[in-house]
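Hi everyone, thanks for making time for this one. Have a look at the sequence and the model on the screen, and I'll talk you through them.

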Amino acid sequence: LLPTWTQIICPGLACAMIWFQPESPRWLYTHERRQEAVDFMVKYHGEGDSENPWVKLQLAEFEEQLELDGADKRWYDYRVLFNTRARRYRMGNSLMIGIWGALSNGGISYFVGAFFNSAGITDAYTVLLYNVWQNFMSTMASFIGSPLCDSFGRRKVLLPTLFGMALSWGAMAVGTAIVEGDPSNVAAAKAGIAFYFIFSFIYCIGITPLQGVYAVEVFSYEQRAKGIAFQSLVVNAVALINQFGTPVALANIGYKTYIIFGVWNLVEFGISYLW
């Protein structure tokens with residue numbers, strides 16, 4: 001019960017604080033509340049100066065780019081995501097990074113106990129301790145990866161991330177395979193667990209931050225809300241593979257599951273490189 005109540009804290013804070021946040025100037029502008037949009041831009045982007053060139057530039061872009069009668073005004077109209085080749089390309093890029101995020105790790109974090117068991121670690125306290133450290137490391141990796149994506153670019157972070165994850169899966173498979181054949185091999189068990197930590201670190205450096213920003217970047221304003229909603233629908237559907245497939249694979253083919261994940265990461269790498 002305590003973890004459930006603890007998880008209420010952050011959404012509760014967000015729910016309370018959102019009422020004190022200003023509305024998006026693009027939303028205001030497209031809903032004929034232009035003076036409020038201008039006031040927002042002057043206050044937050046123009047340092048109180050209505051003649052600020054940065055403010056004027058953004059308002060000119062609003063005039064040119066925002067559809068006052070676009071599909072975003074019609075809740076049922078999803079044609080905006082698919083009705084031109086450029087829009088389908090944007091949708092494809094958004095789905096790609098979402099699906100990569102869902103399938104790259106095979107949902108292994110949900111079955112981490114089974115993974116540690118496959119590496120020869122069965123003590124409940126040790127499993128819990130390793131899991132806590134893994135989550136702490138992943139959080140730190142996300143803090144590191146977020147500025148790296150801005151400094152080096154999205155592509156230069158994504159490609160090494162996918163390749164590094166594939167190598168980590170291979171190393172994890174080797175370690176757990178040795179333990180499966182020789183349960184007393186402590187060194188192989190430690191190596192498998194070490195590469196699980198390395199995999200998680202790499203994943204959170206590249207995939208975690210890109211999942212959050214990529215969809216927002218690739219969609220135009222008119223597409224954005226519906227595009228992100230559609231991406232979420234597809235990603236959750238794809239994640240069913242992890243939820244229902246991974247535990248069955250771990251039970252039936254053991255370490256070979258990690259080989260499948262590693263090969264899939266290489267497929268992701270190839271598609272990302274070409275696309």
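Before I get going, one term: when I say that two residues touch, or are in contact, I mean that they have heavy atoms within 4.5 Å. And please keep in mind throughout that this is a predicted model.

With that term in hand, let's start at Tyr196. Leaving aside residues up to four places away in sequence, Tyr196 touches Ile108, Ser109, Val112, Phe115, Phe116, Gln134 and Met172. Tyr196 also belongs to the largest nonpolar core, which has 44 residues, and it is among the members that touch the most others. Ile99, Ile108, Phe115, Phe116, Trp169 and Tyr258 are in that group too.

Which elements give two or more residues to this core? They are helix H6 (85–103), helix H7 (112–118), helix H8 (124–152), helix H9 (154–181), helix H10 (186–218), helix H11 (221–253) and H12. H10 gives the most, with twelve residues. There is also a second, separate core of ten residues, and Tyr29, Met41, Val42 and Leu59 are included in it.

Let me step back to the chain as a whole. How many helices and strands are there? We have twelve helices and zero strands, so if you read the elements from the N terminus on, you simply say "alpha" again and again, α-α-α-α-α-α-α-α-α-α-α-α. The C-alpha trace spans about 75 × 45 × 35 Å along its principal axes. The chain has 275 residues, and 38% of them count as buried. If you take the contacts with a separation of 6 or more, 76% are between residues 24 or more positions apart. As for the outside, the accessible surface comes to about 16100 Å², and carbon and sulfur atoms account for 66% of that.

Now two threonines. Thr246 is in helix H11. Is Thr246 buried or exposed? It counts as buried, because its relative accessibility is 4% and the cut-off for buried is under 20%. Its side chain reaches the backbone oxygen of Gly106 at 2.6 Å. Gly106 is also on the list of residues that Thr246 touches, along with Phe111, Ile241 and Phe261, again not counting residues up to four places away in sequence.

Thr126 is the other one, and you'll find it in helix H8. With a relative accessible area of 23%, Thr126 is partly exposed. From C-alpha to C-alpha, Thr126 lies 9.3 Å from Phe116, and the two are ten residues apart in sequence. Phe116, you'll remember, was one of the core residues that touch the most other members.

On to charges. Side chains of opposite charge can pair when their charged atoms come close. This structure holds five salt bridges, and I'll pick out some of them. Arg33 and Glu36 meet through their side chains at 2.9 Å, N to O. Both partners are partly exposed: Arg33 has a relative accessible area of 34%, and Glu36 has 38%. Next, Glu51 forms a salt bridge with Lys56, where the closest N and O atoms are 2.7 Å apart. Lys56 is partly exposed as well, at 43%.

Then comes Arg154 with Glu217, at 2.3 Å, N to O. Why does this pair tie together parts that are 63 residues apart in sequence? Because Arg154 lies in helix H9 and Glu217 in helix H10. Glu217 counts as partly exposed, at 41% relative accessibility. The story has a third member, too: salt bridges that share partners join Asp150, Arg154 and Glu217 into one network.

Last stop, the surface. Tyr89, Ile259, Val263, Val267, Ile271 and Trp275 form a nonpolar patch there, and together they have about 510 Å² of accessible area. Where does the largest share of the patch come from? From helix H12, residues 256–274, which gives four residues. Val263 is in H12, and at 47% relative accessibility it counts as partly exposed. H12 also turned up earlier, among the elements that give two or more residues to the largest core.

That's my tour, so over to you for questions.

Note on methods:
Residues are numbered from 1 along each chain as its sequence is written. This is a predicted model: local features need pLDDT of at least 70, side-chain atom pairs count only at pLDDT 80 or more; totals for chains, interfaces and linings use all residues. Side-chain values use heavy atoms; hydrogens and water are left out. Patches are made of residues with over 30% relative accessible area and no salt bridge: like charges are joined within 9 Å, nonpolar side chains (Val, Leu, Ile, Met, Phe, Trp, Tyr) within 5 Å. Accessible areas come from the Shrake-Rupley method with a 1.4 Å probe; for residues, only the protein chains shown count as cover. A salt bridge is a side-chain nitrogen of Lys or Arg within 4 Å of a carboxyl oxygen of Asp or Glu. Buried means under 20% relative accessible area, exposed over 50%, partly exposed in between (1.4 Å probe, protein chains only). A nonpolar core is a set of buried Ala, Val, Leu, Ile, Met, Phe, Trp, Tyr and Cys residues joined through side-chain atoms within 4.5 Å. A polar contact is a pair of N or O atoms within 3.5 Å; within protein, one must be able to donate a hydrogen and the other to accept it, and residues adjacent in sequence count only if both atoms are side-chain atoms.
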